[in-house]
Amino acid sequence: MAVTPGNTFLKTANDLAGKISDLRRDFHRHPELGMQETRTSGIVAEHCRNLGLDLRTKVGNTGVVAVLHGKKNGPCVAIRADMDALPMTDDKTVPYASSNPGIAHACGHDANTAILMGAAEILTRHSDLLQGNVKFIFQPSEDTVPGGALPMIKDGALENPSVQGLLSSHLMPDYDEGEIIVKSGYSTISSAGFTLKMLGKGGHPAYPQLTNDPVVMAGHVITAAQSIVSRRVDPQDPTILCFGSVHGGTAGNIIPDEVVLTGTIRTLKPEARDELAALLDEIAAGAAKIGGGRHALEVQMEYPSVYNHPGMVDEFLISARKVATPDQVIHTDRPTMSGEDVSYFHQQAPGVRWLLGIRNKELGFMYPLHSPLFDFNETVMPLAAAVHAQAAADFLVNRLEKEL
Ligand SMILES: [Zn+2]
Ligand SMILES: [Zn+2]
């Protein structure tokens, strides 16, 4: 992995490589589910306390906020990481595999947390270079809706001092190890779950004329809904509509009263999510009418899309290229089709969420996020910590010179 020699933050990050790796392995061995990250946040708090940072614990339940004060009266930039693990098995055989049965760090939030702890230590050692304050936000429960971002915001995570910009990162096995990837504008999708009931009248299949068959109605809905994505929305706007479960009936010779379908909607623009839900409602109403029945659609809105501030992305690219080599830093136009609740922070302050490539097929690191075999080469973590540190330090200098 080639990196720019001589970068101050990267030099310090490399000095801390062993410590960052140890922290990650410790979190990996002891994963905790969302809103239960008491051990993890305790270690985070102790680390920040030892660095002499202003500390707030139990922010939005198990969250931690720590502030590093640079020169007085300067602006404030935040860096945020998520701490939660997933309710799934860890199928790896490595020494740092999960010791908590049924819980695993398969989304790399152990790494996000360790990288941010590393960035906090790097910036503390170089606080003389800071033209303002840096706030470190350790967030609970990203992977469980409704997420830990909103409770932290409500609990004042972005106040005292108030935050003018926010950085975060996530591991990404779609890109090669050591690549730094960022997209301007909408960079993740808006998601929603739905439950659709097709309601009819059950009875004996020998007398179909006396029934309103919800199984047939459900069949129409599933087929007709495919034309929403292919014919009713702009092909330039990434859109997903997927049915994940279909349940109805008890036996082959009984027409049931209802069939329940569940699924997910994903769109890049938040407003497109509402339009998609309305189109599904329209199709379900049509299918119910064909079968002489009714329908009931419930939509549970999940995370809105992450919007990366274009001006801040341009500044981030310059910062990242001071740490990594120019060909390692990628300004992509491809969004990711997963959701992220850092979007709620971006609604409060301009933000950049960037991705850290981790794919290394030679070492066997190519499993997707949320796979029971997900893992990565920890040597990329100092690079990520240094990129955060450089981008935060540059953000403060840039804000003294001009507004975003
Ligand atoms: Zn995840
Ligand atoms: Zn994640």
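Biologist: Let's begin with Cys-107: why is this residue called buried?

Modeller: Its relative accessible area is 6%. Buried means under 20%, exposed over 50% and partly exposed in between, with a 1.4 Å probe and protein chains only, so Cys-107 counts as buried. This is a predicted model, in which local features need pLDDT of at least 70 and side-chain atom pairs pLDDT 80 or more, while totals for chains, interfaces and linings use all residues. Residues are numbered from 1 along each chain as its sequence is written, chains are lettered from A and ligands numbered from 1 in the order written, and side-chain values use heavy atoms, without hydrogens and water.

Biologist: What makes Cys-107 a bridge, and between which ions?

Modeller: Cys-107 coordinates both the zinc ion (ligand 1) and the zinc ion (ligand 2), and these lie 3.2 Å apart.

Biologist: How do you know which residues are the protein donors of the zinc ion (ligand 2)?

Modeller: By distance: a donor is an N, O or S atom within 2.8 Å of the metal (3.2 Å for Na, K and Ca), and sites may look incomplete because water is not among the atoms. Cys-107 (SG), His-109 (NE2) and His-170 (NE2) lie 2.1 to 2.3 Å from the zinc ion (ligand 2), so they qualify. Along the sequence their spacing reads C-x1-H-x60-H. His-109 has a relative accessible area of 0%, so this residue is buried.

Biologist: And which atoms are the protein donors of the zinc ion (ligand 1)?

Modeller: Cys-107 (SG), Asp-143 twice through OD, and His-370 (NE2), at 2.0 to 2.5 Å from the ion.

Biologist: Why is the site of the zinc ion (ligand 1) called irregular?

Modeller: The angles among its four donor atoms run from 54 to 155°. Tetrahedral asks for all angles of four donors between 85 and 135 degrees, while square planar (four donors) and octahedral (six) ask for opposite donors over 155 degrees apart and all others between 65 and 115; anything else is irregular. An angle of 54° is outside these ranges, so the site of the zinc ion (ligand 1) is irregular. The donors here follow C-x35-D-x226-H along the chain. Asp-143 sits in the loop between β4 (133-139) and α5 (149-154) and His-370 in the loop between β14 and α10, so the pair ties together parts 227 residues apart in sequence.

Biologist: What is the accessibility class of Asp-143, and what is that of His-370?

Modeller: Asp-143, at 25%, is partly exposed. His-370, at 38%, is partly exposed too.

Biologist: Where do Asp-143 and His-370 come in when you look at the largest pocket?

Modeller: That pocket holds about 430 Å³ of space. Among its 23 lining residues, the closest to its centre are Asp-143, Ser-338, Gly-339, Leu-369 and His-370. Strand β5 (residues 165-176) gives the most to the lining, with four residues. On a 1 Å grid over the protein atoms alone, a pocket is an open set of points with protein on both sides within 12 Å along at least five of seven lines, a cavity is a set where a 1.4 Å probe fits but cannot get out, and lining residues have an atom within 4 Å of a point.

Biologist: How many cavities of 30 Å³ or more does the structure hold?

Modeller: Two. The largest has about 80 Å³, and its lining includes Lys-183, Asn-308, Arg-334 and Trp-354. Strands β6 (180-183) and β14 (351-359) each supply at least two of the lining residues. The second largest has a volume of about 50 Å³. Helices α8 (310-323) and α10 (381-401) are the elements that give two or more residues to its lining. Helices (H or I, at least four residues) and strands (E, at least two) are DSSP runs numbered from the N terminus.

Biologist: Is His-388, in helix α10, buried or exposed?

Modeller: His-388 is buried, since its relative accessible area of 3% is under 20%. Contact means heavy atoms within 4.5 Å; leaving aside neighbours within four places in sequence, His-388 is in contact with residues including Ile-79, Leu-167 and Trp-354. Trp-354 also lines the largest cavity, and Leu-167 lines the second largest.

Biologist: What makes Arg-29 partly exposed?

Modeller: Its relative accessible area is 31%, between 20% and 50%, so the middle class applies. Arg-29 lies in helix α2 (residues 17-29) and, not counting residues up to four places away in sequence, touches Pro-95, Tyr-96, Ala-97, Ser-98, Ser-99 and Asn-100.

Terms used: Points joined across faces, edges and corners; volume = space filled by probe spheres on them.
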